[in-house]
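These are my notebook entries on one structure. I record what I looked up and what I found, topic by topic.

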Amino acid sequence: MEKTLKELALILEAELIGDESAVIRGVRGIDEAQAGDLTFIANPKYRKKIGSTRATAVLVGPAPEKAQTNLLVVKNPYTALIKALNIFYPAVRPKPGISPHACIEPDAEISATAAVYPGVYIGCGARIEDGCVIYPGVYIGNRVAVGEHSTLHPNVAVYDGCTIGKRVILHAGAVIGGDGFGFADFARSNLKVPQVGTVVIEDDVEIGANTTIDRAALGETRIGRNVKIDNLVMIAHGVTIGENSVIVAQVGISGSTKLGKSVVLGGQVGIVGHIEIGDGVMIAARSGVARSIPPGLVVAGAPHQPHREWLRLQALIPKLPEMRENLKSLLKRVEELEKKEKL
Amino acid sequence: MEKTLKELALILEAELIGDESAVIRGVRGIDEAQAGDLTFIANPKYRKKIGSTRATAVLVGPAPEKAQTNLLVVKNPYTALIKALNIFYPAVRPKPGISPHACIEPDAEISATAAVYPGVYIGCGARIEDGCVIYPGVYIGNRVAVGEHSTLHPNVAVYDGCTIGKRVILHAGAVIGGDGFGFADFARSNLKVPQVGTVVIEDDVEIGANTTIDRAALGETRIGRNVKIDNLVMIAHGVTIGENSVIVAQVGISGSTKLGKSVVLGGQVGIVGHIEIGDGVMIAARSGVARSIPPGLVVAGAPHQPHREWLRLQALIPKLPEMRENLKSLLKRVEELEKKEKL
Amino acid sequence: MEKTLKELALILEAELIGDESAVIRGVRGIDEAQAGDLTFIANPKYRKKIGSTRATAVLVGPAPEKAQTNLLVVKNPYTALIKALNIFYPAVRPKPGISPHACIEPDAEISATAAVYPGVYIGCGARIEDGCVIYPGVYIGNRVAVGEHSTLHPNVAVYDGCTIGKRVILHAGAVIGGDGFGFADFARSNLKVPQVGTVVIEDDVEIGANTTIDRAALGETRIGRNVKIDNLVMIAHGVTIGENSVIVAQVGISGSTKLGKSVVLGGQVGIVGHIEIGDGVMIAARSGVARSIPPGLVVAGAPHQPHREWLRLQALIPKLPEMRENLKSLLKRVEELEKKEKL
């Protein structure tokens, strides 16, 4: 794929400052870019790098300084970058059709426009809609529905009865609908509570590699529209996640907890069960959350606190030894004063 | 499946207060239940919800208040619930038989009552006993034994020579018997120490999705009878876990550590290697444990402490800034007093 | 396999103290060993156990005390142990050949000396070199290269275009090259940034079960020569790890962070994105790292601190309640003194 800067400026709705006949063949980071590359400045603080890059052109936000390189000035460099990546690295959809080496139970329904690779298993009563791509080793249980244009990467497992929306991406090894972790007479007879609920994954969700989302004991575990979940995340039975939320790697969310819309969880956060996290809450990486959080707060730590207070605390902790020394010396000095005062 | 309350009361050994001809068709949570549903109150503090539920009947513990709904009064609502779930949502065992699309090495022994799905691989000398269910994509290495009525969900991998007991459930993506993480001349030449031990999983164990249990360097890693392990847990080489223990998601246990019986580990706990955790110990979520713990203790935090002391500490930490302010002001005031005292 | 101590002494370059005709048939830990076993003392503090072991011979470092058992004295007991394990438990490489139940795209190149099991999928333009072992359920995407004598355990997935070096071991369920977690207009429209980079895994790397290594957005994620990574680790897009580094289970490393050579990360460590960890840095288990670390430091905690200071802090934290009590009493006593002083 090749584009002149003139062509690119049109497509990206950019103002071009520079040579409109220059040719772009790919996209690279500002430090790695070479002649023929487009690069980008998403964060204005890196603008000084425009001077030293070898890229043929730089995508940049409004009102850049003068530069010796060609500039494509756009309102939002990030969304323009996405467009450019899709031009130079178009996603290749595999050809539709069901591999003769896939195993499909007789009453499963599979769209003629879906691509089903070798080694896939699709259970009784399952339904795979238009344009889906089901990679090798995927297991789709009985009565599972997969909405149009969804992609299930290799070795994904979707247990019986779960529902996957449209344009969903499940990365390799993700497990949807495994039994929730429910036992009665805990740590004695450990009686298994049958997990007879399900999982519903709404449209436009993306779920990372080896992430696990358990089915509800009763009712459903629900991942809202356009939620993005990273790798190795654990979502327990009966959890609900509101639309547009973003969950970074290795987070764990315990049973029946409800997240609102546009919640952001940093990596390795842990959240107890049966609480509510309000719309727009942001929780810093590695926090431990044991109580509900009202909408809009930014919190950190374990126990979690407002992010600013937590920053102050983080700074104080290394001063504990000094505090303890001061305290000891004060105790002595006050004793001394008290003795003298008694005389 | 339909049952009258009269029939249900008999099966669940419940005292029925209400209409014995009312018909139940399913089980739902107290907030979601509709006419025709059975629901339950496991925790007495939710009893007030009996007034507002739309369920046709409520399973409840002894001596409930009067209610307008039908009540099924039982000693233990949780175990009655389990019985009811098994009635209304009976587990469907697949038909026995070996799929022609499974690959079985010639000298593996597979019971005629086992169900082996397409895409399964079973190695030389492996043995699959009566009533086992082996889902698509499962890998069973050479000389692995799987005891009767065990279920291996899709894409489970059991490396060579491991032993799986009876009625064991391994959820999708679990890996049993991968090499322990053992290297000599650490962070220099990183010489691999061959991991020639094995893993033994005793009867009635359940292991969550994408959990990994490494084989021992020498000897065995052993998961005791009726242990329940959640998703994404890491059990390192040579670990022993005593019977009935319960391990919540994303826990990591380092090499050669021994857990007693009925130990409970909350989510995301980390435990160092070569220590002993006594019978009945409970460790709160996200704790970091670096020393052995005697039987019966309830601990929390990193470093771990008795749970009560930890609660007190958790409450103190947000008061650090105030403590530091007080300390500063005291220092000044004592200086002032000392000056005056010298006059 | 059987060896006399005379034979073993020769192979292990050991000084034999004892009966050179005694016969060894296996290796076990010092507590489990029986007659016919070789055992070892890697750490001198366990030397007293030589007196009680039932092993026929003990591998031990220089200048041991007299013992009733046969001793094989070597410079480095750990490397001698590795040799002995390889003698008594030789790794069995499967026979070369491509299973007729594997699916190989027509233009993939597979060495005649590679072993490819049933249920493997190998994509267009992929290249599998001499002596590789590809276990059941492995997915190898288009244009992936796997260097000679590498082993891919069951259900590993390697996405399109990634490069795996020589003598690499990927344990079951590992996912290489899944999309990095990159979105614009975060927690609102969550626009996916196409991840068009790749992953390069250099020679002699070992990667644990269910670990995930994401492809770069642009450029590459790179795991250096001889790096060892444990189970359930998350390596995000664009991360670089220097040679010989060792990463214990459940660690998470965020995007674009660079680790130097011979870095050691304890279990469950979390590291933010876009920072640099210098050569030889050691980070204690469960630390949270948010800033770059210069070479050679040993750190712990969150925020991380020099390991020694952190140990001191860890000891102080349980003393917080006492500190707070002292502070309260001091406040009173100083008030008292001030009152009297005013009189």
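**Backbone entries**

I began with a loop of chain B: Pro303(B) is found between β39 (298-300) and β40 (305-306). I note here that the model is a predicted one. I then looked up the peptide bond that leads into this proline, and the bond from Ala302(B) to Pro303(B) is cis, with omega near 0°.

I turned to chain C for the corresponding entry. Pro303(C) lies in the loop between β39 (298-300) and β40 (305-306) of chain C. A cis peptide bond joins Ala302(C) and Pro303(C), and its omega is about 0°.

Next I looked up positive phi values in chain B. Ser256(B) is not a glycine, yet its phi is near 70°. I located Ser256(B) in the loop between β32 (252-253) and β33 (258-259) of chain B. Is Ser256(B) buried or exposed? I entered Ser256(B) as buried, because 21 other C-beta atoms lie within 10 Å and the cut-off for burial is 20 or more.

Ser262(B) was my second entry of this kind, with a positive phi near 55° in a residue other than glycine. Its place is the loop between β33 and β34 (264-265) of chain B. I count 23 other C-beta atoms within 10 Å of Ser262(B), so this serine is buried too.

**Domains of chain A**

I looked up the division of chain A and found domain 1 (3-88) and domain 2 (97-308). How far apart do the C-alpha centres of domain 1 of chain A and domain 2 of chain A lie? I recorded a distance of 37 Å between these two centres.

**Relation of the copies**

I then superposed the chains. Chain A can be laid on chain C by a turn of 120° and a shift of 0.0 Å along the axis, with an RMSD of 0.0 Å. The two copies are therefore related as by a three-fold rotation axis. I also checked which surfaces these copies use: they are different, and 18% of the contact residues of chain A recur in chain C.

For chain B on chain A, I found that a rotation of 120° with 0.0 Å of shift along its axis superposes the two, at RMSD 0.0 Å. Only 18% of the interface residues of chain B are also interface residues in chain A, so I entered these copies as meeting through different surfaces.

**Chain B against chain A**

I looked up the contact between these chains: 56 residues of chain B are in contact with 48 residues of chain A. On the side of chain B that touches chain A, α2 (77-88) and α4 of chain B each supply at least two residues. Which element gives the most to this side? I noted α4(B), with ten residues. By class, the side of chain B that touches chain A holds 27 nonpolar, 21 polar and eight charged residues.

I followed this contact down to a helix pair. The axes of helix α3 (residues 307-316) of chain A and helix α4 (residues 320-342) of chain B come within 9 Å and cross at roughly 55°. That angle is why I describe α3(A) and α4(B) as oblique to each other. From α3(A), Arg312(A), Leu313(A) and Leu316(A) meet Leu320(B), Pro321(B) and Arg324(B) of α4(B). I sorted the residues of this helix contact into four nonpolar, no polar and two charged.

**Chain A against chain C**

I repeated the look-up here and found 56 residues of chain A in contact with 48 residues of chain C. Two or more residues each come from α2 (77-88) and α4 (320-342) of chain A on the side that touches chain C. I recorded α4(A) as giving the most to that side, with ten residues. The side of chain A that touches chain C divides into 27 nonpolar, 21 polar and eight charged residues.

At what angle do α4(A) and helix α3 (residues 307-316) of chain C pack? I entered about 55°, with the axes 9 Å apart. This makes α4(A) oblique to α3(C). Leu320(A), Pro321(A) and Arg324(A) in α4(A) meet Arg312(C), Leu313(C) and Leu316(C) in α3(C). My last entry is the class count for the contact of α4(A) with α3(C): four nonpolar, no polar and two charged residues.

Notes. Residues numbered from 1 in each chain as written. Chains lettered and ligands numbered in written order. Predicted model: local features only at pLDDT ≥ 70, side-chain atom pairs only at ≥ 80, totals over all residues. Helix = DSSP H or I, 4+ residues; strand = E, 2+ residues; numbered from the N terminus. Buried ≥ 20, exposed ≤ 12 C-beta atoms within 10 Å, placed from the backbone. Least-squares fit on C-alpha atoms with pLDDT ≥ 70 in both. Contact = placed C-beta atoms within 7 Å. Axes fitted to C-alpha atoms, helices over the stretch in contact; angles between N-to-C directions. Parallel < 35°, antiparallel > 145°, perpendicular 65-115°, else oblique. Nonpolar A, V, L, I, M, F, W, Y, C, P; charged D, E, K, R; others polar. Domains from an automatic or database assignment.
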